[in-house]
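Ready to find your way around a protein fold? Grab the viewer and work through a few short exercises, each with a solution right below it.

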Amino acid sequence: MIVAFQGEPGAYSETAIYEHYGEGAQTLPQESFDAVFAAVVEERSDAGFIPIENSLAGSIHRNYDLLLKHSLWVVGEHYLPVHHCLIARPGAALKDIRRVISHPQALAQCERRLREMGVATEPVYDTAGSVKIISQQNDCSTAAIASRRAARLYGMDILIENIEDNPNNITRFLIIARQPLQPQGEAKTSIVFTLKNVPGSLFRAMSVFALRDIDLTKIESRPLIGAPWEYQFYIDFAGSTQDCVVQRALAHLQEYALTLRVLGSYPRSESPQQP
């Protein structure tokens, strides 16, 4: 199983892949989210692992746009609790640290702790990439923020574990593939649709689910490219397109929607409870 992800080896996405598929999975690092989609489309990987939302930072909008751009299917989801570590070169002490580098989101999630330390911060392209950078420099005054796995992979030391300001930090990933899945058991379905810009259109669209007691787990609006102030709506809901009640709801939604696309049905995962 070859799975593409954005980032360097040791990235949180890679950790999520191993949690989901086991250590036998073969990972394929990519420079960007666009490259992850391309790897799946071009059959260089069997699947792609993309972050879609974070409990603190919200949605990753670029990946919503890429889901619509490509003819791929969502075949799974995975929730990963994110715990940041302050990582430095072997032999470095906490008192030596003057600068901390990492992905901008990781720096933001550790802002209070870093401010208390009185260190300068510098954003770089990736969390695991920040550990790779300090491993290549002979500088004990610079530390990185990344995962425990990244520290082990690059042979660096962990100075502080769980340095994040808020422990309730969870990232939800979607798994994309070239072929759809027919899930067994509890399932979730993702769709995207557009509506006429008239009063009550979104209310009527939502009513097709409410009337059938279908649980909506996520709704996201994104600008419709080429049509200023028009929007497309991404929805996740409980159930599979194999369910009769879901089929009736989607048929009803088509009466109101200008466009409707099913992104996929997949096994439903539960978000881990954080302290």
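Here are four exercises on this predicted model, each solved step by step.

**Exercise 1. Get an overview: work out how many helices and strands the protein has, and how its radius of gyration compares with the globule rule.**

Solution.
- Step 1: Count the elements. You should find nine helices and 15 strands.
- Step 2: Take the radius of gyration, which is 21 Å, and set it beside the 19 Å that the globule rule gives for 275 residues. The two values are close, so the protein is as compact as a globular protein of that length.
- Step 3: Put a box around the C-alpha atoms along the principal axes; the box is roughly 65 × 40 × 40 Å.
- Step 4: Check the burial. Using a cut-off of under 20% relative accessible area, 49% of the 275 residues count as buried.

**Exercise 2. Find the order of the strands in the open sheet of four strands, and say which strands stand at the edges.**

Solution.
- Step 1: Follow the pairing across the sheet. The order is S13-S14-S12-S15, and the pairing is antiparallel.
- Step 2: Look for strands with a single partner. These are S13 and S15 (257-267), so one side of each has no neighbour in the sheet.
- Step 3: Compare directions, ignoring which way each strand runs: neighbouring strands are turned by 15° against each other on average.
- Step 4: See what packs on the sheet. H3 touches S12, S13, S14 and S15, and its direction makes about 85° with that of S13. Helix H8 (residues 201-210) touches S12, S13 and S14, and its direction makes about 155° with that of S12.

**Exercise 3. Zoom in on S14: which strands are joined to it by bridges, and why is it largely enclosed?**

Solution.
- Step 1: Start with S12 (residues 187-195). Seven bridges join it to S14, antiparallel. For a landmark, find Phe 193, which stands opposite Phe 233 in S14.
- Step 2: Move on to S13 (residues 216-223), again joined to S14 by seven bridges and antiparallel. Here Pro 223 has Tyr 231 of S14 as its bridge partner.
- Step 3: Check burial along S14 (residues 231-238). Six of its eight residues are buried, so the rest of the structure largely encloses the strand.

**Exercise 4. Pick out the buried residues of helix H2 (residues 33-41) and say what they pack against.**

Solution.
- Step 1: Go along the helix. Phe 33, Ala 35, Val 36, Phe 37, Ala 39 and Val 40 are buried.
- Step 2: Look at their surroundings. They pack against strands S1 (2-6), S2 (26-30), S3 (47-54) and S11 (170-177), plus helix H3 (61-69).
- Step 3: Step past the helix to Glu 43, which has a positive phi, near 65°.

Note on methods:
Residues are numbered from 1 along each chain as its sequence is written. This is a predicted model: local features need pLDDT of at least 70, side-chain atom pairs count only at pLDDT 80 or more; totals for chains, interfaces and linings use all residues. Side-chain values use heavy atoms; hydrogens and water are left out. Buried means under 20% relative accessible area, exposed over 50%, partly exposed in between (1.4 Å probe, protein chains only). Helices (H or I, at least four residues) and strands (E, at least two) are DSSP runs, numbered from the N terminus. Two strands pair if DSSP finds at least two bridges between them. Contact means heavy atoms within 4.5 Å. Axes are lines fitted to C-alpha atoms, for helices over the stretch in contact, and angles run from 0 to 180 degrees between N-to-C directions. The radius of gyration is taken over C-alpha atoms; the globule rule is 2.2 Å times the number of residues to the power 0.38.
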